[in-house]
Amino acid sequence: MKRYELIAPCHFGLESILKREITDLGYEVIKVEDGRVTFIGDAEAVCRANIFLRTAERILIKAGSFRAETFEELFQGTKSIPWEEMIPSDGRFWVTKAASVKSKLFSPSDIQSIMKKAMVERMKEVHHVEWFPESGASFPIRVFLMKDEVTAALDTTGDSLHKRGYRKLTAKAPIAENLAAALIMLTPWKGDRILVDPFCGSGTFPIEAAMMAANIAPGMNRNFTAQSWTHMIPAREWYDAADEAREEIVMDVHTDIQGYDIDDGMVSIARENARLAGVDKMIHFQKRDLRELRHSKKYGFIITNPPYGERIEEKKNLPELYGAIGERFKALDAWSLYLITAYEQAEDMIGMKAAKNRKIYNGMMKTYFYQFPGPKPPKRK
């Protein structure tokens, strides 16, 4: 079976987590760059990566790369790629996104337009036609320019992989599902340990944790663009990957996962999202104020995304809010605290210095993942 260079973009700062996921799936990682990991895989790998990876944004098949400092070089470089080997004569193709960093060519719309023209010229010469119906399967193309090096790739995913399909309703500032999964994976939490999110919103942290505990593949209940590329990826590969995902689910695990929110409406939304994800029996959601956070057992985890104070009127409440986080955390016996925030005085207000903090870009916003690990529980005999 033909092997491809597959590119998996991710949130900046979380490349090491994605690399580990890809390696655990059994594939060879050949490059790790800011915001993406490249690995080698065949058609089966395209299906399995889309269905099983929790922290990737999407899976791209690299079509080609070349250097371009002028639009003429961009046109000729694009035209030199054998698009006809990937896109059939009736395929609908377009450059859905162009990103440029430290490159002479920087206008996304111009890059997209010129590359489309070059692809059409190539396909016209190969297929000996003057017009394409573009009535067949969709082949969106994504392009990265980094220091004048152009990389063009086919997007096999479609809607970003963070869209698992369960989150029909959201909070006003929800954390992306793949970012929540990556942050949980940065902690030592395992499915048999206590996890509480006192700012659960639409329930993303508890739901992603429950899906991990039950070994539910994040992409098993959604569709992908490449499912219609049967000339490259036989339908059987998608069925086999989905069967593998179903066989690995373990629902009879005991969990203590809790989500609190002060808004009754958000609690209802979180419960519905958990039901759609198939993990509602594994999570206890309730309306509860942060100041009521308590638990009788030791060695639990708080993993949360508290308010950042995006609005000026909210900023004045942050010192008291983060002070309360610190107060409740210190009152718990041998617990760990992990939180992501853009609030720069978080440590001061919590009243503790984090053992680690990791810079992570949540969209375009610079945030920090503060880590306050507690003691490890004694090993079970």
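Which residues lie nearest the centre of the second largest pocket, and how many residues line this pocket? Keep that in mind as you look at the model, which is a predicted one. Here are some points to follow on screen.

1. **The second largest pocket.** Pro9, Cys10, Phe12, Gly35 and Lys97 lie nearest the centre of this pocket, and its lining is made up of 26 residues. Strand 5 (92–101), strand 6 (138–146) and strand 13 (356–362) are the elements that give two or more residues to that lining. The largest share, 5 residues, comes from strand 6. The pocket's volume is about 880 Å³.

2. **What kind of residues line this pocket?** The lining of the second largest pocket divides into 13 nonpolar, 6 polar and 7 charged residues. Try colouring them by type to see how they are spread.

3. **The open sheet.** Now turn to the sheet, in which 7 strands follow the order 2-3-1-4-7-6-5, with mixed pairing. Strand 2 (28–33) and strand 5 are the edge strands, and each of them pairs on one side only. From one strand to the next, the twist averages 30 degrees. Strand 5 is thus a good meeting point for two views: it is an edge strand of the sheet, and it also gives residues to the lining of the second largest pocket.

4. **Strand 7 and its two neighbours.** Start with strand 4 (60–67), which pairs with strand 7 (149–155) in the antiparallel sense over 7 bridges. Two of the partnerships are easy to find: Ile61 has Leu154 in strand 7 as its bridge partner, and Lys62 has Ala153 in strand 7. Strand 6 also pairs with strand 7 in the antiparallel sense, here over 6 bridges. In that pairing, Arg142 stands opposite Ala153 of strand 7. Is strand 7 mostly covered or mostly open? Mostly covered: 6 of its 7 residues are buried.

5. **The hairpin.** Strand 6 and strand 7 form a hairpin, with 2 residues between them. Look in the turn for Lys147, which has a positive phi of about 50 degrees.

6. **Helix 3 on the sheet.** Helix 3 packs on the sheet, where it touches strand 4 and strand 7. The direction of helix 3 makes about 135 degrees with that of strand 4. Within helix 3 (residues 71–79), the buried residues are Leu74, Phe75, Gly77, Thr78 and Lys79. The cover over them includes strand 4, strand 7 and helix 4 (108–127).

7. **A cavity elsewhere.** How many cavities of 30 Å³ or more are there? The count comes to 1. The largest cavity has a volume of about 30 Å³, and its lining consists of Pro198, Phe199, Leu290, Leu293, Ile302, Thr304, Ile325, Arg328, Phe329 and Leu337. Strand 11 (301–304) and helix 10 (318–331) each give two or more residues to this lining. Helix 10 gives the most, with 3 residues. By type, the lining of the largest cavity has 8 nonpolar residues, 1 polar and 1 charged.

8. **Gly374.** Finally, find Gly374 in the segment after strand 14 (365–372). Gly374 counts as partly exposed because its relative accessible area is 25%, and the range for that label runs from 20% to 50%. Leaving aside residues up to four places away in sequence, Gly374 touches Trp335 and Ser336. The C-alpha atoms of Gly374 and Asn178 are separated by 25 Å, and the two residues are 196 residues apart along the chain.

Notes:
Residues are numbered from 1 along each chain as its sequence is written. This is a predicted model: local features need pLDDT of at least 70, side-chain atom pairs count only at pLDDT 80 or more; totals for chains, interfaces and linings use all residues. Side-chain values use heavy atoms; hydrogens and water are left out. On a 1 Å grid over the protein atoms alone, a cavity is a set of points where a 1.4 Å probe fits but cannot get out, and a pocket is an open set with protein on both sides within 12 Å along at least five of seven lines; lining residues have an atom within 4 Å of a point. Grid points are joined across faces, edges and corners, and a volume is the space filled by probe spheres set on the points. Helices (H or I, at least four residues) and strands (E, at least two) are DSSP runs, numbered from the N terminus. Ala, Val, Leu, Ile, Met, Phe, Trp, Tyr, Cys and Pro count as nonpolar, Asp, Glu, Lys and Arg as charged, and the others, Gly among them, as polar. Buried means under 20% relative accessible area, exposed over 50%, partly exposed in between (1.4 Å probe, protein chains only). Contact means heavy atoms within 4.5 Å. Two strands pair if DSSP finds at least two bridges between them. Axes are lines fitted to C-alpha atoms, for helices over the stretch in contact, and angles run from 0 to 180 degrees between N-to-C directions.
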